[in-house]
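Trainee: Could you take me through this one? I'd like to know what each label rests on.

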Protein chains: 2
Amino acid sequence: MRTVDAVTIVHDEQELFQRTKHLFMTATEIACAANDLWVWAWRHQPYDITALSDVQRRTDMRVRKIYRADVLLDPGASHELAKRRDEFGAQVRVSTEEINETIILDDRLVILAGDSRAGRRSYSVITQAGAVQGVTSLFEAAWRSATDLAVYDAKIAEIRRLAPQVLDLLGQGIKDEAAARALGLSVRTYRRRVAELMDALGAESRFQAGARARELGLV
Amino acid sequence: MRTVDAVTIVHDEQELFQRTKHLFMTATEIACAANDLWVWAWRHQPYDITALSDVQRRTDMRVRKIYRADVLLDPGASHELAKRRDEFGAQVRVSTEEINETIILDDRLVILAGDSRAGRRSYSVITQAGAVQGVTSLFEAAWRSATDLAVYDAKIAEIRRLAPQVLDLLGQGIKDEAAARALGLSVRTYRRRVAELMDALGAESRFQAGARARELGLV
DNA sequence: CCACGGATGGCAACAACCTGCCAGCGCCGA
DNA sequence: TCGGCGCTGGCAGGTTGTTGCCATCCGTGG
């Protein structure tokens with residue numbers, strides 16, 4: 001495949017689909033970073049990377065996905081991810097870092113998703129070897145520092161159990177001491193839970209936590 | 001109109017529309033409380049109280065609307081509201097209090113909107129005279145303590161001008177001192193702006209402010 | 001020109017939050 | 001049974017945030 005530009009910008013998801021589906025069909029190695037459950041969804045139309053590659057029938061394909069930690073705060077997401085991972089024989093890890101949404105095919109092609117907060121999303125398709133290698137090494141670094149889904153899930157189970165109540169109390173503006181009493185915890189432990197929740201949300205302040213929780217529909 | 005129950009619960013907005021449109025057609029006094037721009041929208045389908053009443057051609061109708069203050073943080077909303085107010089000869093006020101979304105027709109019928117956060121919204125339609133009078137007096141109290149649109153708008157203009165930058169800094173987790181420097185303000189003044197913004201958002205904590213701002217699409 | 005009002009900024013008291021440290025306790029595995 | 005590990009809760013130091021007070025400055029209107 002020859003392209004004049006180092007980077008091709010695609011504004012339409014359908015077009016991205018058309019341009020790259022043949023590559024997905026033949027790819028043997030797919031790496032993805034997603035910031036929510038449905039980005040590069042396993043079967044979510046229109047862009048289902050696994051439908052494209054028909055991964056269920058091929059055993060020579062290696063699929064790796066990194067999710068952002070806050071996805072796991074959704075009670076159903078954890079189970080769903082584990083199910084898909086097993087169904088497709090994929091590897092799934094979780095990161096508390098913010099990762100740009102990315103797909104890497106066979107270390108040959110990279111798709112970088114642009115910011116979706118500004119309305120219609122654009123995608124950058126890169127095939128230039130040096131750039132692909134650069135992005136790939138960034139992905140590998142993120143992969144290495146991420147935590148296996150099962151391990152992270154075990155750690156976050158208690159946070160997830162409490163999250164609805166903690167978020168509800170925070171959402172009501174209840175001060176930590178009163179909130180702790182409401183949950184039958186000491187204020188130290190309540191503040192530990194809040195700190196863990198903020199970490200899972202990737203938030204550095206309570207304002208950010210509020211915005212992120214609202215964005216995720218948790219509050 | 002005779003009804004057996006004191007309160008009729010309606011789950012479908014279309015049904016509510018069908019049941020009450022004849023009353024809107026003949027009403028001479030409409031009072032509304034709305035928590036966002038589009039609730040009981042002037043022309044927003046399917047439930048446009050002014051389309052129903054054809055207020056544009058009738059001069060015997062008195063329309064009063066109270067909006068929640070955070071609506072005015074939307075740069076376009078203020079102008080839009082002023083335009084509609086003039087177009088329909090209505091009175092519009094703004095309140096920083098949380099007001100249940102309500103319509104009162106001729107002090108005879110009350111529609112109370114239920115919580116929309118739990119999926120499909122339900123509406124309570126009340127015609128029992130005592131209850132109608134009770135809700136009406138609550139509305140009157142809210143109306144009296146609310147601020148005229150023009151007056152409130154003048155006050156909030158500076159807040160609205162700064163709001164995008166302040167919210168952006170808060171959203172990035174920037175501490176107050178650094179944020180103040182970024183905006184060329186003293187930390188006292190920056191904190192005044194944050195307090196005013198939180199008041200306009202109806203937030204009692206920064207977590208609430210974050211959630212509310214995200215909900216309004218301001219961050 | 002002058003007085004008044006409103007906004008700013010500095011200071012400060014207080015409240016709320018953040019996180020480290022450590023003792024105690026309970027559970028689990030050797 | 002005992003030791004180790006992890007969690008909780010209390011304490012505390014520090015940071016961040018909240019809001020009142022007051023001096024100063026600037027703009028406006030009489």
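Mentor: Start with α7 (187-201) of chain A and α7 (187-201) of chain B: each supplies at least two residues of the surface near DNA strand C. This is a predicted model, so local features need pLDDT of at least 70 and side-chain atom pairs pLDDT 80 or more, while totals for chains, interfaces and linings use all residues. Residues count from 1 along each chain as its sequence is written, chains are lettered from A and ligands numbered from 1 in written order, and side-chain values use heavy atoms, without hydrogens or water.

Trainee: What makes α7 a helix here?

Mentor: Helices are DSSP runs of H or I with at least four residues, strands are runs of E with at least two, and both are numbered from the N terminus. Chain A comes to 8 helices and 8 strands.

Trainee: Which helix gives the most to the surface near DNA strand C?

Mentor: That's α7(A), with 5 residues. "Near" asks for a heavy atom of the residue within 4 Å of the strand. Of the 13 residues around DNA strand C, those that come nearest are A:Arg188, A:Arg206, B:Thr189, B:Arg192 and B:Arg193.

Trainee: What makes a pair of atoms a polar contact?

Mentor: Two N or O atoms within 3.5 Å; within protein, one must be able to donate a hydrogen and the other to accept it, and sequence neighbours count only if both atoms are side-chain atoms. A:Arg188 has a side-chain N or O atom 2.6 Å from a base oxygen of DNA strand C, and for B:Arg192 the distance from a polar side-chain atom to a base oxygen of that strand is 2.8 Å. A:Asp176 uses a polar backbone atom, 2.9 Å from a phosphate oxygen of DNA strand C.

Trainee: Which contacts does DNA strand D have on its phosphate oxygens?

Mentor: Among them, a polar side-chain atom of A:Thr189 sits 2.7 Å away from one, and a side-chain N or O atom of B:Arg206 is 2.5 Å from one. There's a base contact too: A:Arg192, with a side-chain N or O atom 2.8 Å from a base oxygen of DNA strand D.

Trainee: How do the residues near DNA strand D divide by class?

Mentor: 1 nonpolar, 2 polar and 9 charged. Asp, Glu, Lys and Arg count as charged; Ala, Val, Leu, Ile, Met, Phe, Trp, Tyr, Cys and Pro as nonpolar; the others, Gly among them, as polar.

Trainee: Why is B:Arg64 called buried?

Mentor: Buried means under 20% relative accessible area, exposed over 50%, partly exposed in between (1.4 Å probe, protein chains only). B:Arg64 has 3% relative accessibility, so it counts as buried. This residue is in strand β3 (residues 62-68) of chain B. Leaving aside neighbours within four places in sequence, its contacts (heavy atoms within 4.5 Å) include B:Glu29, B:Phe139 and B:Trp143.

Trainee: What relates chain A to chain B?

Mentor: A turn of 179° and a shift of 0.0 Å along the axis lay chain A on chain B with an RMSD of 0.1 Å. That is the relation of a two-fold axis. The fit is by least squares on C-alpha atoms of residues with pLDDT of at least 70 in both copies.

Trainee: How do you know through which surface the copies meet?

Mentor: 100% of chain A's interface residues are also interface residues in chain B, so the copies meet through the same surface.
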